[in-house]
Amino acid sequence: MKRTLVCLVALTCAFGEVGRAQTSAPAAPTITVGVDRPGARIPSTMFGLFFEDINFGADGGIYPERVKNRSFEFPDAMTGWKKIGAAGEATIASQNPPLKSNPHYLRLTATDGRFGVTNEGFRGIGLAKGAAYNFSVYARADGAAKEISVELMDENDRPLGAATIKNLTTEWRKHTATLRPAAGAEKARLSLALTNRGTVELDAVSLYPAQTWGERANGLRPDLVRLLKDMRPGFLRFPGGCIVEGKRLETRYQWKTTIGPVDERRLLINRWNDEFKHRPTPDYFQSFGLGFYEYFLLSEDIGAEPLPILNCGMACQFNSNELAPLDDLDEYIQDALDLIEFANGPAVSAWGRKRAEMGHAAPFNLKMIGVGNEQWGPQYIERYERFAAVLKEKHPEIALVSSSGPSADGERFDFAWTNLRRLKADLIDEHYYMAPSWFLANARRYDDYPRQGPKVFAGEFAAQTAGTAKPTNRNNWEAALAEAAFMTGLERNADVVKMASYAPLFGHVDAWQWTPNLIWFDNLRSYGTPNYYVQQLFGAHRGTTVLPVAVGGGGGGKDENNLYVSASSDEASGEVILKVVNATAAPKEARINLEGSGRVTAARAYTLASANLKAENSLDAPTKIAPVERKINVASTQFAHTFAPQSLTVLRVSNKQ
Ligand code: AHR
């Protein structure tokens, strides 16, 4: 397809840096915005979030349960737990458990005084001084055991808080207590002990912060939700990622096992547990405390459209490549139909009732579903076709997201696009984990895409500074700047690209498997990377309509100026929004011409810049690279602006017609 000259110019200029005589100063390029020639609508879903339970993103991350292996269901049932005291036994039993779906529990027998166990949490237990933590446990005792002491200890064994569970009975009963640590700690432990001789059995041990997002029981970690909300995301894709697929079909993500009472959600291995030999995480399992209901709530809380991705009868093709036979897909397709009912059905419908019973009588207003994650080949197309046939017939209102495979181009990619185009797919998910140079070189990728047919969901992307999924990748400014340049191309092509999300979202500094990640955290603190602030600027300054933009004015036309530009207008504020990436190490002055604009009254600039391409944010310097906002003086529809070296600038100009 021919490139449209006016609306889709990524970077052209009046002068180049190479080969130009140094005697005369080059003319500043002109950025011309066609304010009176609005183009495509920019959907509210344009910039969103990709969530996957990787890098301790859920358990140990945004899902703030402090006890690891709380139900003793890990294959090594004492994972995370250690005995304390010499005289006694800690064994695992499963006769007559309190929770049928998680049948194992701990039996503690003290033979001479204090004996018990201590839990290490997720690389330690994060505690804030004075904050309330709700402790709960199912317990039954033999009649001799009188009480259980519950204690919080810091890394140096200093006690931080304690409670006593009394009134033990011979029948299972849930006991609760509230602890308020006297001091904060990043790597505390939780100890449970019998203080006299006897036997007690314990299950579903929980230490849960009272302070969650929205003060909700089983709610999420507030600092991390705040970071997500501040991105103003248009959608939330969940639960992944490869985690949807599982290494084998039996370990695939099944949403129905992730709803209902939290203690009864059946534990499953996390597929990132042993994926990378260089980053093994043998204690990585999914408790599903963060399950589909919570994902829907989170979407609602942060104002994002929910986008659940479902297994399509294929286990990860990088692993077993196990396939559900085509004739056995009914169960998988039924899961999709039931999910739509769970999300949107009336509270009297079978699955809608489950949603209402969990506390949300109103529908979640689900509008799209992903069929498979990162699948490829004829096996995928055959399965997608079966899903689409049923879903389109029963739920034409639901858009389907399909997959173009793991790469940005190549045989698998072309095969998927050809076939999905034939099948009139709605949205095709493209993934690019590529070098920063690829992102710069591909800023015009979508200028040439066909304007008709399936739309694009840039569903997983992140610049890889060392190589795809290499553990030495960094979330530095070089990567973020390249992503920003690329994203101007997404926005300019909003008639083709409808959604985009960086991936992965979260990384625990002590427990990650994959890097780079958008947000890093430890047990108490968190920060947005430079890449985060790029996403945030695009999300917070998403216009509603694309405006044509050209960079030129002196016979340029090549990309030598390294300016990457997109423009839009915002219906609500009436502003013109210009996003400009200056990818060079020199400041760039440009003339800005708001063609067809009326009076210009005021402007603000939001600049994200660093002279050092290797610069990063960190827990100790979380906003070293963060947007700086300032007012700029603009007197007419034509004005000059100097774009800082290695910067992303968002200019918002008030435009009165
Ligand atoms: O984002 C990490 C992984 O990359 C995702 O799980 C998968 O879809 C892709 O291969």
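# Worked exercises on a predicted model

Glu73 is found in the loop that runs between β2 (47-50) and β3 (81-84). The coordinates belong to a predicted model, and the exercises below start from this residue.

## Exercise 1: the surroundings of Glu73

Task: establish whether Glu73 is buried or exposed, and which side chain of opposite charge is nearest to it.

Solution. Begin with the accessibility: Glu73 is buried. Next, look for a charged partner; the nearest side chain of opposite charge belongs to Arg266, at 8.6 Å. A salt bridge requires a nitrogen–oxygen distance within 4 Å, and Glu73 has no such bridge. Then turn to the backbone, where the nitrogen of His104 lies 2.6 Å from a polar atom of the Glu73 side chain. Finally, list the contacts beyond the neighbours within four places in sequence: these are Asn102, Pro103, His104 and Leu267.

## Exercise 2: the partners of β2

Task: determine which strands β2 is joined to by bridges, and in which sense each pair runs.

Solution. Take β22 (residues 497-502) to begin with: three bridges join this strand to β2, and the two run parallel. Within this pair, Phe47 stands opposite Ala500 of β22. Then take β14, which pairs with β2 over two bridges, in the parallel sense; here Phe50 has Arg237 of β14 as its bridge partner.

## Exercise 3: an open sheet

Task: give the order of the five strands that form an open sheet, and identify the edge strands.

Solution. Reading across the sheet, the order is β4-β5-β13-β8-β11, with antiparallel pairing. The edge strands, each of which pairs on one side only, are β4 (88-93) and β11 (173-179). On average, neighbouring strands of this sheet are turned by 30 degrees against each other, with direction ignored. To examine one pair in detail, follow β4 to β5 (residues 105-110): six bridges join these antiparallel strands, and Gly88 stands opposite Ala110 in β5.

## Exercise 4: the enclosure of α2

Task: explain why helix α2 (residues 292-302) is described as largely enclosed by the rest of the structure.

Solution. Count the buried residues of α2: ten of the eleven are buried, and the helix is therefore largely enclosed. Among them are the aromatic residues Phe292, Tyr293, Tyr295 and Phe296, together with Glu294 and Asp301. Next, ask what surrounds them: the buried residues pack against β2, α1 (222-229), β14 (235-238), β17 (305-310), α3 (330-344) and α4 (350-357). Lastly, inspect the end of the helix, where α2 is followed by Gly303, a residue with a positive phi near 75 degrees.

Notes. Residues are numbered from 1 along each chain as its sequence is written. This is a predicted model: local features need pLDDT of at least 70, side-chain atom pairs count only at pLDDT 80 or more; totals for chains, interfaces and linings use all residues. Side-chain values use heavy atoms; hydrogens and water are left out. Helices (H or I, at least four residues) and strands (E, at least two) are DSSP runs, numbered from the N terminus. Buried means under 20% relative accessible area, exposed over 50%, partly exposed in between (1.4 Å probe, protein chains only). Lys and Arg count as positive and Asp and Glu as negative; His and the chain ends are not counted. A polar contact is a pair of N or O atoms within 3.5 Å; within protein, one must be able to donate a hydrogen and the other to accept it, and residues adjacent in sequence count only if both atoms are side-chain atoms. Contact means heavy atoms within 4.5 Å. Two strands pair if DSSP finds at least two bridges between them. Axes are lines fitted to C-alpha atoms, for helices over the stretch in contact, and angles run from 0 to 180 degrees between N-to-C directions.
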